[in-house]
Amino acid sequence: MITSIKDKTIRIEFEIGNYNKDLIDLLTMMEISNKSKASESDIKKLSDDISAEWWSKNKSRLVDENSN
């Protein structure tokens with residue numbers, strides 16, 4: 001891995017096949033989120049909506065409603 005800082009840019013270089021995909025995904029997500037104009041409340045509502053939808057679709061396979 002080679003890193004360099006110049007002006008307002010940080011450059012990170014990895015050899016092909018020798019990198020952590022999770023790290024690249026995290027850095028990509030951070031770059032995208034820095035450009036977002038969404039507020040914390042917008043993000044919280046979206047997260048709640050996604051969780052509610054997921055739970056609605058998956059509850060029956062995770063919870064035995066006949067058990068007490």
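Accessible areas are here taken from the Shrake-Rupley method with a 1.4 Å probe, and the exercises below apply to a predicted model.

**Exercise 1. Determine what the accessible surface of the protein comes to, and describe the overall dimensions of the chain.**

Solution. Begin with the surface: the accessible area of the protein comes to about 6,900 Å², and carbon and sulfur atoms hold 54% of that area. Next, take the extent along the principal axes, where the C-alpha atoms fill a box of roughly 60 × 35 × 15 Å. Then set the radius of gyration of the protein, 20 Å, against the value near 11 Å that a compact globule of 68 residues would have. Finally, apply the burial criterion, for which a residue must have under 20% relative accessible area; 1% of the 68 residues count as buried.

**Exercise 2. List the order of the secondary-structure elements from the N terminus on, and locate Asp 7 among them.**

Solution. The protein has 2 helices and 2 strands, and these follow one another in the order β-β-α-α. Asp 7 belongs to the loop that joins strand E1 (2–6) to strand E2 (9–13). Although Asp 7 is not a glycine, its phi is positive, at about 55°. Because its relative accessibility is 74%, Asp 7 counts as exposed.

**Exercise 3. Identify which element gives the largest share of the nonpolar patch, and classify Leu 26 by its accessibility.**

Solution. The patch covers about 1,100 Å² and includes Met 1, Ile 10, Tyr 19 and Leu 26 among its residues. Both E2 and helix H1 (21–35) supply at least two of the patch residues, but the largest share, 6 residues, comes from H1. Leu 26 is itself found in H1, and with a relative accessibility of 41% this leucine counts as partly exposed.

**Exercise 4. Examine the salt bridges of Lys 21 and Lys 57, giving the partner and the closest N and O distance of each.**

Solution. Side chains of opposite charge can pair when their charged atoms come close. The structure holds 5 salt bridges, and one of them joins Lys 21 to Asp 25, with the closest N and O atoms 2.9 Å apart. Both residues lie in helix H1, 4 residues apart, or about one turn of the helix; Lys 21 is exposed at 51% relative accessibility, whereas Asp 25 is partly exposed at 37%. For Lys 57 the partner is Glu 53, and the closest N and O atoms are 3.1 Å apart. Because these two residues stand 4 residues apart in helix H2, about one helical turn separates them. Lys 57, at 60% relative accessibility, is exposed, while Glu 53, at 45%, is partly exposed.

How values were computed. Residues are numbered from 1 along each chain as its sequence is written. This is a predicted model: local features need pLDDT of at least 70, side-chain atom pairs count only at pLDDT 80 or more; totals for chains, interfaces and linings use all residues. Side-chain values use heavy atoms; hydrogens and water are left out. Buried means under 20% relative accessible area, exposed over 50%, partly exposed in between (1.4 Å probe, protein chains only). The radius of gyration is taken over C-alpha atoms; the globule rule is 2.2 Å times the number of residues to the power 0.38. Patches are made of residues with over 30% relative accessible area and no salt bridge: like charges are joined within 9 Å, nonpolar side chains (Val, Leu, Ile, Met, Phe, Trp, Tyr) within 5 Å. A salt bridge is a side-chain nitrogen of Lys or Arg within 4 Å of a carboxyl oxygen of Asp or Glu.
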